[in-house]
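These are my notes from a reading of one chain, taken entry by entry. I wanted to see how its helices, charged pairs and surface patches fit together.

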Amino acid sequence: RPAAGLRTPCRLALLEAIAPALGAGMAPAAALQIAADSRLVPGRPDPLEALARAMASAAADGGTLGPLWREASGLAGSAELLLLAQAWSLTEDMGAPLAEAVRTTAGLLEARIAHERRLAAAVAGAKATVNVLTVLPIGGPLLALVLGIGPGELYGSSRLTQGSLVLGLCLAGIGRWWVRRMVRAVARGPVIA
C-alpha cells in the first residue's frame, strides 16, 4: 500500500517532481524514477517515494498507469490522485500531452491548498470569538470567589438568579452550537445545483 499515508502537500510534491521531467521530454518511467530518487532518505520510509517507485516500475514494464493511479487514489482516499488518474488515463487513451496534464493537476492542487489555508484563516477568528465569549461568563463567578462570595450565595439567593444562571448556560450552549454550524457551512462552501 504505497499510497497510504500521503498528505496533500506530499501529493503536490510528487506532481511537482514529475512535471518538469515530463516537460523536458523524459519517458514516464524515467520521470517517476527521478521523483522517487529525489525523495529517498536512507532509514526513513516515505510513502511518496514508494508510490513513485511502484509507478516507475510499472511504466518501465510497459503497463498503463491510469488504473494504477486510480488504485493509489482509492488507497489514499485522495481526490487529487483520482484527478491525476483521470488525466493520466486521458493521455494514455487519447494521446493528450502528459506533461500538461500533470502540470494542470498540480495547479489545481496548489489552488486547493491555498483555498484551504484561506478558509482556515477566515474561520479562525470566529472560533476564537466563540471561545472568548464562552469563557467570559466564567469571569463573574471567579471574581465573586476572589471577593469571598461563594457560588451558593451568588446563585442560590433567589429564583431569579438561578433562572438567569440556567438561561445563561443554555444561551451559551446554543451560541456555541450556532457558531460551529455557521463555520461548518462556510467550510463546505457554496452548493451549486
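I began with the cut-offs for burial, since later entries lean on them: a residue is buried under 20% relative accessible area, exposed over 50%, and partly exposed in between. I also noted at the outset that this is a predicted model.

**Entry 1: the surface of H8.** I looked up Trp178, which lies in helix H8, and found a relative accessible area of 43%, so Trp178 is partly exposed. I then asked which residues make the nonpolar surface patch of about 630 Å². The patch is made by Leu167, Leu171, Ile174, Trp177, Trp178 and Met182. Patch members need over 30% relative accessible area, and Trp178 at 43% satisfies that condition.

I turned next to charge, and recorded that Arg180, Arg181, Arg184 and Arg188 gather on the surface in a patch of positive charge. Of these I checked Arg181, which is found in helix H8, spanning residues 159-188, and which is partly exposed with a relative accessible area of 41%.

**Entry 2: helix H3.** I compared the length of helix H3 (residues 47-60) with its expected span: its 14 residues should cover 20 Å at 1.5 Å a residue, and the end C-alpha atoms are 20 Å apart, which agrees. The buried residues of H3 are Leu48, Glu49, Leu51, Ala52, Met55, Ala56, Ala58 and Ala59. After the helix comes Gly62, with a positive phi near 85°.

Glu49 drew my attention in that list, and I confirmed that Glu49 is buried because its relative accessible area is 12%. What does Glu49 form a salt bridge with? The partner is Arg53, with the closest N and O atoms 2.4 Å apart. Both lie in helix H3, and because they are 4 residues apart, about one helical turn separates them.

**Entry 3: charged pairs.** I reminded myself that side chains of opposite charge can pair when their charged atoms come close. With a cut-off of 4 Å from a side-chain nitrogen of Lys or Arg to a carboxyl oxygen of Asp or Glu, the count comes to 4 salt bridges. Arg53 appears again among them, meeting the side chain of Asp37 at 2.9 Å, N to O. This pair links distant parts of the chain, with Arg53 in helix H3 and Asp37 in helix H2 (residues 28-39), 16 residues apart. Arg53 is partly exposed at a relative accessible area of 25%, and Asp37 is partly exposed as well, at 42%.

I then followed the pair of Arg103 and Glu100, whose closest N and O atoms are 3.3 Å apart. They are 3 residues apart in helix H6 (residues 98-146), so about one helical turn lies between them. Arg103 counts as partly exposed at 40% relative accessibility, and Glu100 also counts as partly exposed, at 42%. Returning to the shared partners, I noted that salt bridges join Asp37, Glu49 and Arg53 into one network.

**Entry 4: helix H5.** I repeated the length check on helix H5 (residues 79-94), where 16 residues reach 22 Å from the first C-alpha to the last, close to the 22 Å expected at 1.5 Å a residue. Its buried residues include Glu80, Leu81, Leu84, Ala85, Ala87, Trp88, Ser89 and Thr91. Just after H5, I found Gly95 with a positive phi of about 80°.

How values were computed
Residues numbered from 1 in each chain as written. Predicted model: local features only at pLDDT ≥ 70, side-chain atom pairs only at ≥ 80, totals over all residues. Heavy atoms only, no water. Patch = residues over 30% accessible without salt bridge, like charges linked within 9 Å, V, L, I, M, F, W, Y side chains within 5 Å. Areas by Shrake-Rupley, 256 points an atom, 1.4 Å probe, with all protein chains shown as cover. Lys, Arg positive; Asp, Glu negative; His and termini not counted. Charge placed at Lys NZ, Arg CZ, Asp CG, Glu CD. Helix = DSSP H or I, 4+ residues; strand = E, 2+ residues; numbered from the N terminus. Buried < 20%, exposed > 50% of the residue type's maximum accessible area, 1.4 Å probe, protein only. Expected span 1.5 Å × (residues − 1).
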